[in-house]
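The exercises below are meant to be worked with the sequence and the coordinates open side by side. Each begins with a task and is followed by a solution in steps.

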Amino acid sequence: MATSAVQATPTGSGREVAVRIGAQVLVETLRRLGVTAIFGHPGGAALPIYDALYDARDIAHVLVRHEQVAAHAAVGYARATGRVGVCLATSGPGATNLVTGLTDAYMDSIPVVAITAQVPTAVIGRDAFQEADIIGLTLPITKHSYLVRDPADLPAALTEAFAVAASGRPGPVVVDVPRDVSQTPLAATRGEPAPSRRAGPRAPHAGQIAAAAALLRDARRPVIYAGGGVISAGASVELTRLVDQTGVPVTVTLMGKGAIDEHHPRCLGMLGMHGTVCANYAVDAADVVLAVGVRFDDRVTGRLRDFAPQARFIHIDIDPAEIGKNKPAHVPIVADARAALGALADALPDPLPLEAWWRQLEEWQARYPLRYRQGDDVIKPQFVCETLARLTGDRAVVVTDVGQHQMWAAQFCRPRAPRTFISSGGLGAMGFGFPAALGAQVARPDATVVALVGDGGFQMTMQDLITAVEWRLPVKVVVLNNGSLGMVRQWQEFFYRQRYSHVFLRNPDFARLAEVFGAQGRSVRRPDEVEAALAWMLAVPDGPCVLDVHVDPQENCLPMIPSGQSVKEMILG
């Protein structure tokens with residue numbers, strides 16, 4: 001077993017050289033990389049690392065109750081700050097429990113470093129107790145992986161892992177550390193690792209910027225289609241400047257929410273399957289689409305050949321593999337989004353003649369607003385989302401789970417700043433919302449963090465309420481409780497002749513459950529109770545609280561473009 005004490009070895013010259021074990025070097029490297037929080041769960045192969053963490057009082061280790069929570073929390077931490085999130089698990093089942101969270105990070109391009117303990121090098125490949133080939137298992141869902149076989153390689157491997165995770169198109173990286181590597185003494189004689197070889201942000205090509213500017217200048221119905229890449233690049237200021245100068249309308253993806261203040265008069269809201277009618281009609285009629293930091297996800301495009309059929313595309317992305325992958329780019333710009341948008345704004349200093357286009361857009365906005373009818377008896381989930389947005393001024397950090405509530409939140413919460421709307425976009429992982437909110441709250445202790453979840457997804461990871469209680473994290477949990485897997489029920493209603501197969505849930509009393517965990521809880525069932533209950537929740541100063549809102553179980557999320565179809569088949573409601 002490792003020891004946390006720093007050993008000393010004689011050199012034969014009367015001097016002594018300090019010797020540390022690999023786990024201590026690992027922790028020291030994390031400290032040097034600026035890590036202040038780790039989400040993890042210990043186990044046998046990880047004990048040397050945990051022994052080293054025992055002395056690292058400047059690094060907060062948040063002990064979660066399941067490793068999936070650790071990975072989602074690291075994602076939430078990264079998305080709320082832009083810094084690399086870190087999770088830690090032991091070998092075997094500990095490491096495999098990270099896979100869902102790492103896949104989510106990969107699909108949504110989030111910088112995360114997962115440190116996994118491994119069985120000793122001598123027994124790797126021999127089916128040792130709690131052995132799993134985490135490098136092989138995560139190969140398709142990580143940017144890179146390191147199996148560290150020599151403790152002397154730990155500083156360089158970790159330093160490189162952080163650089164890989166955060167550079168270019170961000171994503172998850174695994175560093176797998178066998179137990180004997182963590183325990184092996186290492187003389188402090190190698191010095192600091194070499195600086196990262198990773199290149200900085202890629203500048204746009206001047207000719208491509210000129211071509212894009214010319215295309216936009218000649219456009220009569222242009223639309224900016226902004227995704228999560230704008231937020232990753234820190235390009236919100238440049239995007240807003242381009243919109244302000246040119247008057248081009250902008251629509252955002254689920255991942256791009258907050259890329260621009262969604263109260264901006266040129267913002268059409270979200271597009272795609274459950275986007276606004278105006279945003280979808282605008283893209284359908286556009287003659288030029290400026291796509292930035294997006295990957296033409298099928299939940300946005302529907303039937304690909306019918307997506308923006310009249311448009312010429314300008315596609316800005318840091319990842320050249322995304323250019324032309326789903327739609328051909330007439331002007332491809334492989335570059336950092338911030339640099340490219342800034343260059344485009346410089347090239348287009350004057351308003352474009354879009355008066356007729358805006359008359360059309362305003363007509364669609366007036367004719368097809370997001371709508372619902374709140375009566376006196378049953379709480380509409382849209383009413384909860386809209387009231388929450390109003391009470392917080394759309395300035396809280398809203399973290400959603402996956403399902404109907406996710407889309408209602410995306411429709412009615414209009415964030416004013418980047419990194420204040422966090423959701424599982426690509427993977428659509430139920431169970432994401434509450435743990436990601438924990439991570440966001442650790443990262444931003446002074447922010448109001450609201451986990452807006454469904455009753456189905458919350459039950460997948462709600463055991464970590466005790467973690468929030470333990471750390472006195474003031475996360476506000478709003479459960480939109482409709483007694484079912486709502487989006488599945490909606491699809492069964494629309495597309496499976498109302499054959500509701502295994503979709504209704506028997507739920508616990510979430511408010512009482514919160515109290516059992518040591519949190520505060522409250523339930524509401526009437527519309528006239530909603531605003532006061534949300535205000536109560538937002539005023540709870542210390543520790544988590546759960547607001548269980550019983551909403552209309554029959555409500556459907558509309559508008560909706562059915563999967564694989566086009567805007568022409570949109571269900572308006």
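**Exercise 1. A loop residue**

In which loop is the place of Asp 108? Decide also whether Asp 108 is buried or exposed, bearing in mind that the model is a predicted one.

*Solution.* Begin with the secondary structure: Asp 108 sits in the loop that runs between helix H5 (99–107) and E6. Next take the relative accessibility, which is 7% for Asp 108; because the cut-off for a buried residue is under 20%, Asp 108 counts as buried. Finally, consider a distance across the chain: Asp 108 and Val 530 are 422 residues apart in sequence, and 33 Å separates their C-alpha atoms.

**Exercise 2. The order of a sheet**

Establish the order in which the 6 strands of the open sheet are arranged, and find which strands stand at its edges.

*Solution.* Reading across the sheet gives the order E4-E3-E5-E6-E8-E7, with parallel pairing. The edges are then taken by strand E4 (60–63) and strand E7 (144–147), each of which has a single partner strand, so that one side of each is left without a neighbour in the sheet. As for the twist, neighbouring strands of this sheet are turned against each other by 20 degrees on average, when direction is ignored.

Two of the pairings can be followed at the level of residues. Strand E5 (residues 85–89) and strand E6 (residues 112–118) run parallel and are joined by 5 bridges, and in this pairing Gly 85 stands opposite Val 112 in E6. E3 and E4 also pair in the parallel sense, over 4 bridges, with Gly 40 opposite Leu 63 in E4. Strand E3 (residues 37–41) is mostly covered, since 4 of its 5 residues are buried.

**Exercise 3. A covered helix**

How many of the 11 residues of helix H18 (residues 433–443) are buried, and which residues are they?

*Solution.* Apply the accessibility criterion residue by residue along H18. The buried residues are Gly 433, Phe 434, Pro 435, Ala 436, Ala 437, Leu 438, Gly 439, Ala 440, Gln 441 and Ala 443. This amounts to 10 of the 11 residues of H18, so the helix is largely enclosed by the rest of the structure.

**Exercise 4. Cysteines**

Determine how many disulfides the model contains, and examine the surroundings of Cys 278.

*Solution.* The test is a pair of cysteine sulfur atoms within 2.5 Å, and by this rule the count comes to 0 disulfides. For Cys 278, the nearest cysteine sulfur belongs to Cys 267 and is 10 Å away, and Cys 278 is in no disulfide. In terms of accessibility, Cys 278 counts as buried at 3%, and Cys 87 is likewise buried, with a relative accessible area of 0%.

**Exercise 5. Enclosed and open spaces**

How many cavities of 30 Å³ or more does the structure hold, and which residues line them? Describe the second largest pocket in the same manner.

*Solution.* The structure holds 2 cavities of 30 Å³ or more.

1. The largest cavity has a volume of about 100 Å³. Its lining comprises 13 residues, of which Asn 280, Val 300, Thr 301, Phe 307 and Val 567 lie nearest its centre. Helix H12 (277–285) and helix H13 (298–301) are the elements that give two or more residues to this lining, and H12 has the largest share, 3 residues. By class, the lining of the largest cavity divides into 7 nonpolar, 4 polar and 2 charged residues.

2. The second largest cavity contains about 50 Å³ of space. Among the residues lining it are Leu 388, Asp 394, Cys 413 and Phe 421. Helix H16 (residues 381–392) gives the most to this lining, with 3 residues, and the classes are 7 nonpolar, 2 polar and 1 charged.

3. The second largest pocket has a volume of about 430 Å³. It is lined by 21 residues, and Leu 268, Thr 276, Leu 370, Gln 411 and Arg 414 lie nearest its centre. Strand E12 (267–270), H16 and helix H17 (404–412) each give two or more residues to the lining of this pocket, with the largest share, 4 residues, coming from E12. The lining of the pocket has 10 nonpolar, 5 polar and 6 charged residues.

Note on methods:
Residues are numbered from 1 along each chain as its sequence is written. This is a predicted model: local features need pLDDT of at least 70, side-chain atom pairs count only at pLDDT 80 or more; totals for chains, interfaces and linings use all residues. Side-chain values use heavy atoms; hydrogens and water are left out. On a 1 Å grid over the protein atoms alone, a cavity is a set of points where a 1.4 Å probe fits but cannot get out, and a pocket is an open set with protein on both sides within 12 Å along at least five of seven lines; lining residues have an atom within 4 Å of a point. Grid points are joined across faces, edges and corners, and a volume is the space filled by probe spheres set on the points. Ala, Val, Leu, Ile, Met, Phe, Trp, Tyr, Cys and Pro count as nonpolar, Asp, Glu, Lys and Arg as charged, and the others, Gly among them, as polar. Buried means under 20% relative accessible area, exposed over 50%, partly exposed in between (1.4 Å probe, protein chains only). Two strands pair if DSSP finds at least two bridges between them. Axes are lines fitted to C-alpha atoms, for helices over the stretch in contact, and angles run from 0 to 180 degrees between N-to-C directions.
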